[in-house]
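Subject: Two-chain model for you to look over

Hi,

I am handing over a structure for you to look at. My notes follow below it.

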Amino acid sequence: MSDQRAEARKKIQLLKNLPTLPGMIEQISRAVDSKRFTVADIGNLISRDQVLSAKVLKLANSAFFGFSRKVGSLTQALMLLGFDVVKGLILTSSVFDMMKDRDQGLWEHSMGVATASSLLAQQVDLPDAEEASLGGLLHDLGKVVLRAQMTEDMQSIVELVEVEGMSIRQAEQEVLGFDHSHIGMWLAESWKLPEELMDPIRWHHQPEGARKAPLLTAVVHLADIMVRGYGHGDGGDPWVPELDRGALKLLNLTPQKLERVVDGICEKLVNTGGDLAQG
Amino acid sequence: MIRVPVQDLQEGQVLAQDVARQDGMVLMAKGNTVTAEVKSLLLRLEVEAVVVEGDHFASEEERQAFLAEMEKELFKRFSRVESDPVLMGLREMYRRRLHQGCYPRPRPQPPPEPEPEAEYQGPPVIYAKKDRKKP
């Protein structure tokens, strides 16, 4: 199994060579760390890549952040969302570029979980709803990599789901010895994502493992279940996964609060799926 | 009820839900009929989509058939967690909303008019030299 892990790590290293990702992110990270730059400077830096800035603005304006006014500029986006979230949006748009036409269903699933996470965050008083959105958006990062970079393995996995009726995660473990949550974490590590975001990526199926951001992880765990249950997008198999009791306790939701989230899902996830992927 | 992007609103449609801002302030109450003015106002307020009455199914049978199909898919999605009372509660919430017009995917659109296909001429015939007629 350790051979397999080493191999997968190698494949993920390949991702570092993807266009637009490292250059821009590192430049911006350096600018932020140096503390000599203002928000406007960083906004300008991103604006230089017009395609990228258009995508970031589109994401910032999408339903799951729920701003009542349009976010018109990158500077505004940085002020409203904070640097970490904007950095996450840049990552997201780059990641999903890898698979644009290949997997609309996964994109819709991710957008859906971002929306549901934000709705849940409001009900459980998680202070940072934007971070919850981002956690939802990126939780299946590993699946994107699997589909884009490990197509042969992916074929075997899909076969196990379709023929044997395995869940996608079971099938991944059967074929690879690990699953998309591990791949997502390795990638998040190599991209130096904030630790709070690594937890939902690594632990959204086993929320008890989260150390840094247990509540955020519990939110994404339930959001994933709710979006799969609703039937929006495609997470890789058609079944609702098990709900973790610890996470449920941590969230401390009343049926009324859950109803409110369901209402929000109905309102925000009707016929809107995926339109951002074309951007 | 159906959610419609504001730019696709038709005059005469009736708002089925209040149009409210993020902070809860109601911009337009349900029951209002869509007119050209209402539509342009909603556009100016940068409202993306509103919920209007009517499902636009061709018939009640069609609506029931679509609902039955949606419900079947819903139950299949939850089929592996039937021992979990919380998730069964969630399934029921979704089931009730299905009947209120909250569909996870669009209703089937009427099939587009089939384009007239060019008549199939069969594979190209290659004549042996001797069969060719001199014009």
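**Glu196(A) and its surroundings**

Glu196(A) counts as partly exposed, because it has 17 C-beta neighbours inside 10 Å. Keep in mind that this is a predicted model. The residue sits in helix α13 of chain A, which covers residues 195-203. Set aside the neighbours within four places in sequence, and Glu196(A) is in contact with Glu131(A), Lys212(A), Ala213(A) and Leu216(A). I also checked Glu196(A) against Met79(A). The two are 117 residues apart in sequence. In space, their C-alpha atoms are 20 Å apart.

**Chain A overall**

Chain A has 16 helices and zero strands. It has 279 residues, and 49% of them count as buried. Now take the contacts in chain A with a separation of 6 or more. Residues 24 or more positions apart account for 67% of these.

**Helix α8 against α14**

Two of the contacts of Glu196(A) lead into this pair: Glu131(A) and Leu216(A). Glu131(A) is in α8(A), and Leu216(A) is in α14(A). Helix α8 of chain A spans residues 129-138. Helix α14 of chain A spans 214-230. Their axes come within 10 Å and cross at roughly 55°. That angle makes α8(A) oblique to α14(A). The crossing is right-handed.

Which residues meet here? From α8(A) come Glu131(A), Ala132(A), Gly135(A) and Gly136(A). From α14(A) come Leu216(A), Val219(A), Val220(A) and Ala223(A). By class, this contact has five nonpolar residues, two polar and one charged.

**Helix α3 against α5**

Met79(A) belongs to the second helix pair, on the α5(A) side. Helix α3 of chain A covers residues 39-47, and helix α5 of chain A covers residues 74-81. They pack at an angle of about 125°, with their axes 8 Å apart. That makes α3(A) oblique to α5(A). Here too the crossing is right-handed.

The α3(A) side consists of Val39(A), Ala40(A), Ile42(A), Gly43(A), Ile46(A) and Ser47(A). They meet Leu74(A), Thr75(A), Leu78(A) and Met79(A) in α5(A). The contact of α3(A) with α5(A) divides into seven nonpolar and three polar residues, with no charged ones.

**Chain B**

Chain B comes to three helices and four strands. From the N terminus, the order is β-β-β-α-β-α-α. Of its 135 residues, 18% count as buried. For contacts in chain B with a separation of 6 or more, residues 24 or more positions apart account for 60%.

The domain assignment gives two domains in chain B: domain 1 covers 1-54 and domain 2 covers 57-103. How far apart are the C-alpha centres of domain 1 and domain 2 of chain B? They lie 26 Å apart.

**Where the chains touch**

In total, 23 residues of chain A are in contact with 27 residues of chain B. On the chain A side, α14 and α16 (255-268) are the elements that give two or more residues. α16(A) gives the most, with five residues. The chain A side divides into 13 nonpolar, six polar and four charged residues. So that you can place it: α14(A) is also the partner of α8(A) described above.

**Two positive phi values**

One backbone point in each chain is worth a look.

- Asp125(A): phi is near 60°, a positive value in a residue other than glycine. Asp125(A) lies in the loop between α7 (104-123) and α8 of chain A. It is exposed, because 9 other C-beta atoms lie within 10 Å, and the cut-off for exposed is 12 or fewer.
- Glu46(B): phi is positive, about 60°, although the residue is not a glycine. Glu46(B) lies in the loop between α1 (36-44) and β4 (49-52) of chain B. Is Glu46(B) buried or exposed? Glu46(B) is exposed, with 11 other C-beta atoms within 10 Å.

Best regards

Key. Residues are numbered from 1 along each chain as its sequence is written. Chains are lettered from A and ligands numbered from 1 in the order in which they are written. This is a predicted model: local features need pLDDT of at least 70, side-chain atom pairs count only at pLDDT 80 or more; totals for chains, interfaces and linings use all residues. Domain bounds come from an automatic or database domain assignment. Axes are lines fitted to C-alpha atoms, for helices over the stretch in contact, and angles run from 0 to 180 degrees between N-to-C directions. Angles under 35 degrees count as roughly parallel, over 145 as roughly antiparallel, 65 to 115 as roughly perpendicular and the rest as oblique. A crossing is left-handed if the near helix is turned anticlockwise from the far one by less than a right angle, and right-handed if clockwise. Two residues are in contact if their C-beta atoms, placed from the backbone, lie within 7 Å. Ala, Val, Leu, Ile, Met, Phe, Trp, Tyr, Cys and Pro count as nonpolar, Asp, Glu, Lys and Arg as charged, and the others, Gly among them, as polar. A residue is buried if 20 or more other C-beta atoms lie within 10 Å of its own, exposed if 12 or fewer, and partly exposed in between; C-beta atoms are placed from the backbone.
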